[in-house]
Amino acid sequence: FKYVYIVGLEEDLFPSQLMLSSRSELEEERRLFYVAITRAKKRLFLSYALSRYRFGRLKNCEPSRFLDDIDPRYIKLSTKFAGAVE
């Protein structure tokens, strides 16, 4: 795909809280993330929310641990939106 957008890169969402029960499940989520990011031919957009409503409650979010695995030289933080990574 020319452009790939991955949204919701927050802990407990991606990786899913349900997948944190074992190392093999976490690694499967990491493999899914790898497949998603390697599909971008021209540009990849990654984003996360600083807060979101989940189950009717406002929750503060932290970025997914998978974002830390990306070499910083390939990341350009967007100044347009807080929590957006290109």
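Is Tyr-5 buried or exposed? Tyr-5 is exposed, with a relative accessible area of 58%. The model is predicted, and the values below are computed from it.

## Strands and crossover

Strands S1 and S2 run parallel to each other. S1 covers residues 3–6 and S2 covers residues 43–47. Four bridges join them. Ile-6 has Leu-46 as its bridge partner in S2. Between the two strands the chain passes through helix H1, residues 23–37. This β-α-β crossover is right-handed.

## Nonpolar core

In general, nonpolar side chains of soluble globular proteins tend to be buried together. Here, the largest nonpolar core has 12 residues. Val-4, Ile-6 and Leu-9 belong to it, along with Phe-14, Leu-26 and Phe-33. Leu-44, Leu-46 and Tyr-48 are also members, as are Phe-66, Leu-67 and Ile-70. S1, H1 and S2 are the elements that give two or more residues to this core. The bridge partners Ile-6 and Leu-46 are both on the list of core members.

## Aromatic pairs

A pair of aromatic rings is described by the distance of the centres and the angle of the planes. The structure holds four aromatic pairs. One of them is Tyr-5 with Phe-45, and this pair is stacked. The ring centres lie 4.7 Å apart, with 10° between the planes. The pair links distant parts of the chain. Tyr-5 sits in strand S1 and Phe-45 in strand S2, 40 residues apart. The two rings are set in contrasting surroundings: Tyr-5 is exposed at 58% relative accessible area, whereas Phe-45 is buried at 19%. The cut-off for buried is under 20%, so Phe-45 at 19% falls within it.

Phe-14 and Phe-66 form an edge-to-face pair. Here the centres are 5.7 Å apart and the planes stand at 85°. This pair also links distant parts of the chain. Phe-14 lies in the loop between S1 and H1, and Phe-66 in the loop between S4 and S5. They are 52 residues apart. Phe-14 counts as buried at 19% relative accessibility. Phe-66 is buried too, at 0%. Ring pairs link Phe-14, Phe-33 and Phe-66 into a cluster. These three residues are also members of the largest nonpolar core.

Which residues does Phe-14 touch, not counting those up to four places away in sequence? They are Gly-8, Leu-9, Glu-29, Phe-33, Ser-64 and Phe-66.

## Salt bridges

The structure holds seven salt bridges. In one of them, Glu-11 meets Arg-65, with the closest N and O atoms 2.7 Å apart. Glu-11 lies in the loop between S1 and H1, and Arg-65 in the loop between strand S4 (57–60) and strand S5 (84–85), so the pair ties together parts that are 54 residues apart in sequence. Glu-11 counts as buried, at 12% relative accessibility. Arg-65 is partly exposed, at 32%.

Asp-12 forms a salt bridge with Lys-59. The closest N and O atoms are 3.2 Å apart. Asp-12 lies in the loop between S1 and H1 and Lys-59 in strand S4, so this pair ties together parts 47 residues apart in sequence. Asp-12 is partly exposed, with a relative accessible area of 24%. Lys-59 counts as partly exposed as well, at 28%.

Asp-71 and Arg-73 also meet through their side chains, at 3.1 Å from N to O. Asp-71 is partly exposed at 32% relative accessible area, whereas Arg-73 is exposed at 64%. Elsewhere, salt bridges that share partners join Glu-27, Arg-30 and Asp-69 into one network.

## Leu-20 in the S1–H1 loop

Leu-20 is found in the loop between S1 and H1. Its relative accessible area is 32%, so Leu-20 is partly exposed. Leaving aside neighbours within four places in sequence, Leu-20 is in contact with Asp-12, Pro-15, Leu-26 and Arg-65. Two of these contacts take part in salt bridges described above: Asp-12 pairs with Lys-59, and Arg-65 pairs with Glu-11. Another, Leu-26, belongs to the largest nonpolar core.

Leu-20 and the core residue Leu-67 are 47 residues apart in sequence. In space, 16 Å separates them, C-alpha to C-alpha.

Key
Residues numbered from 1 in each chain as written. Predicted model: local features only at pLDDT ≥ 70, side-chain atom pairs only at ≥ 80, totals over all residues. Heavy atoms only, no water. Pairing = 2+ DSSP bridges. Right-handed = clockwise from strand over helix to strand, strands pointing away. Salt bridge = Lys/Arg side-chain N within 4 Å of Asp/Glu carboxyl O. Buried < 20%, exposed > 50% of the residue type's maximum accessible area, 1.4 Å probe, protein only. Core = buried A, V, L, I, M, F, W, Y, C linked by side-chain atoms within 4.5 Å. Contact = heavy atoms within 4.5 Å. Phe/Tyr/Trp six-rings, centres within 6.5 Å; stacked < 30°, edge-to-face > 60°.
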